[in-house]
Amino acid sequence: MGLKGNGIRLKVDDKWLHLSDELIHNHPGGNVIKQYANADATHMFHAFHEGSAMAYKQVEVLKKTSWDQSEDLEEYIKKRNDQTDVNVSSYDITIEEEKQITLRFEQLRQDVHRFGLMDAKEGYYYFKMVSTMSIMLLGFALQYNGWYLTAACAMALCWQQLGWMTHEFCHHQPFKNRRMNDRFGIFFGNIAQGFASDWWKDKHNTHHATTNMIDHDGDIDLAPLVTFVPADLLKYKEPLEKAILKIVPYQHLYFTAMLPMLRFSWLAQSLQFAFTQNKSNFRSYREHAFEQQLGLSIHWAWVLLQLYLLPSWPLRIAFFLISQGGAGFLIGHVVTFNHNSVDKYPANSRILNNFAALQILTTRNMTPSPFIDWLWGGLNYQVEHHLFPTMPRCNLGKCSELVKQFCKDTKLPYLCDDFFVGYALNLKQLENMSHVVEKRIQG
């Protein structure tokens, strides 16, 4: 289903398009486009490509040259039925309700543009670049003056804030010029922060496209140490994995202690991705391989130099663990709050055809304040960010009022909680699966 010779079929602006394997492999965004095989990708296309004249030109060409009537898929996408399970919800919005939500969301999207909320805010981002890099300079100064562990804490905060900067450049928020965003993304991501920007785009765009969808969203696939849904248990096949399964009933107790490990995991994934890009099936990744690898090499050269300049091995080890683990915790307590605390959806759920519902039903906001807006990099407005990923951070607060009204009009929930309330719901999801695993082990 959805194949025609080769490639995939997807729907944009009420037209089914056939995309060949060659076109997919030439897609600048890489693998994410394949997540919408046999689905309506209209609003996902708009969300990812706001401001890209080239993307809109290409899709218009496809509408004329690659149109596919695909009546079979029209019926197919209406018949998908979700099966509920532990931490897994069903999408029970009717086709008619779905159409009304889609129409209302299109109105919201036009309002957002009319109010200028999608306009680039270059001055704001120049300020953010300078202020964020100043934290790194503070870390260097503290280390130079012998405040070694305080310097490590400053570096941890800097790497967290650089993560938000990289995230925004990879989403093309700061500038209208996408090539300039990509250049800054390599500087702040690969060189300054240690995460390959291409790896981040591949991972994060897939998360945006299929938020909290089982077998699609890699951000909810944390096996073998953590399981969120019963389907995760099928992954425990090797002897080591089966041995680890015996501690999973306690995952809600040790999960918080794992947050510092997030940066180490992402650094390893980033290095593996960048240094195998030369062999990627996707042309853009192959073309970017050298600059991605060079940027990461520069990052690790100065990190190792910074450690070398410390006076003793105990300090070097402490500095490394505090700076890297601290950054992991500062990032982890944000990204695990927004989505892990909300139910997941089956891999084949019809929710994939309702972009607005997918983002809203799988996302929780954190109660805003000036300090949280800064510390969380605007991701306390995660619902708004997922609906409009290219919107500048500084406009998300204004957008939230429009989104709240949209949710009220469409009877969709607008989830927003204080940190400890939302984080407790995250731990509750883990505890739910802990009971499932415990029963399996016992019998």
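The lining of the second largest pocket in this predicted model is made up, by class, of 14 nonpolar, 18 polar and three charged residues. The pocket itself has a volume of about 720 Å³, and of the 35 residues that line it, Asp-219, Leu-222, Leu-262, Trp-266 and Val-335 are the closest to its centre. Several helices contribute to this lining, with at least two residues supplied by each of helix 7 (148–170), helix 9 (197–209), helix 11 (251–258), helix 12 (261–274), helix 14 (313–338) and helix 17 (382–387).

A record gives some context for this part of the chain. In an unreviewed entry, UniProt lists residues 147–414 under "domain: Fatty acid desaturase". Over residues 147–414 the chain is 62% helix and 1% strand, and the C-alpha atoms at the two ends of that stretch are 45 Å apart.

Helix 12 and helix 14, which are among the helices that line the second largest pocket, are also the elements that give two or more residues to a nonpolar patch. This patch lies on the surface and is formed by Met-261, Phe-264, Trp-313, Ile-317 and Leu-321, which together have about 540 Å² of accessible area. Helix 14 provides the largest share of the patch, namely three residues, while Met-261 is a residue of helix 12.

The search for enclosed space gives a short result. Rolling a probe the size of a water molecule over the atoms shows where empty space is left. In the whole structure, one cavity of 30 Å³ or more is found, and the largest cavity has a volume of about 50 Å³. Its lining consists of His-43, His-46, Ala-47, Glu-50, Phe-105, Arg-109, Met-118, Phe-355, Leu-387, Phe-388, Pro-389 and Thr-390. Helix 2 (42–49) and helix 5 (95–114) each supply at least two residues of this lining, and the largest share, three residues, comes from helix 2.

The table sets out the make-up of the cavity lining and of the pocket lining by class.

| Space | Nonpolar | Polar | Charged |
|---|---|---|---|
| Second largest pocket | 14 residues | 18 residues | three residues |
| Largest cavity | seven residues | three residues | two residues |

Which residues, then, lie closest to the centre of the second largest pocket? They are Asp-219, Leu-222, Leu-262, Trp-266 and Val-335, whereas the lining of the largest cavity includes His-43, His-46, Glu-50 and Arg-109.

Methods:
Residues are numbered from 1 along each chain as its sequence is written. This is a predicted model: local features need pLDDT of at least 70, side-chain atom pairs count only at pLDDT 80 or more; totals for chains, interfaces and linings use all residues. Side-chain values use heavy atoms; hydrogens and water are left out. On a 1 Å grid over the protein atoms alone, a cavity is a set of points where a 1.4 Å probe fits but cannot get out, and a pocket is an open set with protein on both sides within 12 Å along at least five of seven lines; lining residues have an atom within 4 Å of a point. Grid points are joined across faces, edges and corners, and a volume is the space filled by probe spheres set on the points. Helices (H or I, at least four residues) and strands (E, at least two) are DSSP runs, numbered from the N terminus. Ala, Val, Leu, Ile, Met, Phe, Trp, Tyr, Cys and Pro count as nonpolar, Asp, Glu, Lys and Arg as charged, and the others, Gly among them, as polar. UniProt positions are given in the numbering used here, feature names are shortened, and annotations may be inferred rather than shown by experiment. Patches are made of residues with over 30% relative accessible area and no salt bridge: like charges are joined within 9 Å, nonpolar side chains (Val, Leu, Ile, Met, Phe, Trp, Tyr) within 5 Å. Accessible areas come from the Shrake-Rupley method with a 1.4 Å probe; for residues, only the protein chains shown count as cover. A salt bridge is a side-chain nitrogen of Lys or Arg within 4 Å of a carboxyl oxygen of Asp or Glu.
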